[in-house]
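Thanks for coming. I have one structure to go through today, so please look at the screen.

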Amino acid sequence: MIQLKDIPQDYLYCFATAEACPHSATCLHALAARLLTESGQTQPSVIQSINPNHAQHPPKDCKHYRDSTPVRFARGMSRLFDDVPMRQGKQVRRKVMACFSCERYFYYSRGGDRLITPKEQEAIARVFREAGISAAPQFDSYEYGILW
């Protein structure tokens, strides 16, 4: 169950009603707005929100729609390169590092301090396939969470 404290700071809220947007039940932005409204807690003085008139478009046309279905994140890559042949090690490692938006994210992810998104997991798997490595990338563990 998502709680108000789980919502990232500066997250976009969408206050479009269910009548205005038939997909508000599954959109994280709408869920965040409902949690904020129903919380009874002291609300922030300033928030960012999506124009409710924009929500009259179907979600495939809404660039802000974010599915609330939990996704499988990977945590840690301590044994990721175990099945990589020594002669390909440097090149594969460099390409895996490029799967992240910055080098710091690679190191945080490798140590398990940052979750690895499904998109990043697929990019790493693609690096392995393109290098001809038949073994799938091995992550330390997996957990489900919300992709904000």
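I will start with the whole chain and then go through some helices and single residues.

Keep in mind throughout that this is a predicted model. The protein has four helices and five strands. Read from the N terminus, the order is β-α-β-β-α-α-β-α-β.

Now the overall dimensions. The radius of gyration of the protein is 19 Å, whereas a compact globule of 148 residues would be near 15 Å. Along the principal axes, the C-alpha atoms occupy a box of roughly 60 × 30 × 25 Å. Buried residues make up 35% of the 148. The accessible surface is about 9700 Å², and carbon and sulfur atoms account for 50% of that.

Two more numbers for the chain as a whole. If you take contacts between residues at least 6 apart in sequence, 68% of them join residues at least 24 apart. As for charge, there are 19 positive and 15 negative charges, and their mean positions lie 8 Å apart.

Next, helix α1, which covers residues 28-38. Which residues of α1 are buried? They are L28, H29, A30, A32, A33, L35 and L36. What do these buried residues pack against? Their partners are strand β1, residues 12-14, and strand β2, residues 48-50. After the helix comes G40, with a positive phi near 75°.

One residue of α1 deserves its own slide, and that is L35. L35 has a relative accessible area of 17%, and because the cut-off for buried is under 20%, L35 counts as buried. Leaving out neighbours within four places in sequence, L35 is in contact with I2, Q3, L4 and I7. Take Q3 from that list: Q3 and L35 are 32 residues apart along the chain, yet their C-alpha atoms are separated by 7.2 Å.

Staying with the N-terminal part, look at D10, in the segment before β1. Most residues other than glycine have a negative phi. D10 is not a glycine, but its phi is positive, about 65°. Is D10 buried or exposed? At 59% relative accessibility, D10 counts as exposed.

There is also a loop residue to point out. S68 sits in the loop between β2 and β3, the latter being residues 71-75. With a relative accessible area of 19%, S68 is buried. Beyond residues up to four places away in sequence, S68 touches A25, T26, L28 and I146. L28 in that list is one of the buried residues of α1.

On to helix α2, residues 89-97. The buried residues here are V92, V96 and M97. These three lie on the same side of α2, because the arc they cover around the axis is only 135°. In general, an α-helix has 3.6 residues a turn, so residues three or four places apart point the same way. On the face of α2 turned away from the buried side we find the exposed residues K90 and R94. The buried residues of α2 pack against α3, residues 103-111, and α4, residues 118-130.

That brings us to α4, and to Q121, which lies in this helix. Q121 counts as buried, since its relative accessibility is 11%. Which residues does Q121 contact, leaving aside its neighbours within four places in sequence? They are R72, F73, A74, I116, F139 and Y142.

I116 in that list is my last residue. I116 belongs to strand β4, residues 115-116. Its relative accessibility is 0%, so I116 counts as buried. Not counting residues up to four places away in sequence, I116 touches F73, A74, G76, M77, F100, S109, Q121 and F139. Q121 and I116 therefore appear in each other's contact lists, contact being heavy atoms within 4.5 Å. Lastly, I116 and F106 are ten residues apart in sequence, with 9.1 Å between their C-alpha atoms.

To recap the points to look at on screen: the buried residues of α1 against β1 and β2, those of α2 against α3 and α4, and the contact between Q121 and I116. Away from these, D10 is exposed and has a positive phi. I will leave the model up for questions.

Key
Residues numbered from 1 in each chain as written. Predicted model: local features only at pLDDT ≥ 70, side-chain atom pairs only at ≥ 80, totals over all residues. Heavy atoms only, no water. Helix = DSSP H or I, 4+ residues; strand = E, 2+ residues; numbered from the N terminus. Rg over C-alpha atoms; globule rule 2.2 N^0.38 Å. Buried < 20%, exposed > 50% of the residue type's maximum accessible area, 1.4 Å probe, protein only. Areas by Shrake-Rupley, 256 points an atom, 1.4 Å probe, with all protein chains shown as cover. Lys, Arg positive; Asp, Glu negative; His and termini not counted. Charge placed at Lys NZ, Arg CZ, Asp CG, Glu CD. Arc of directions from axis to C-beta.
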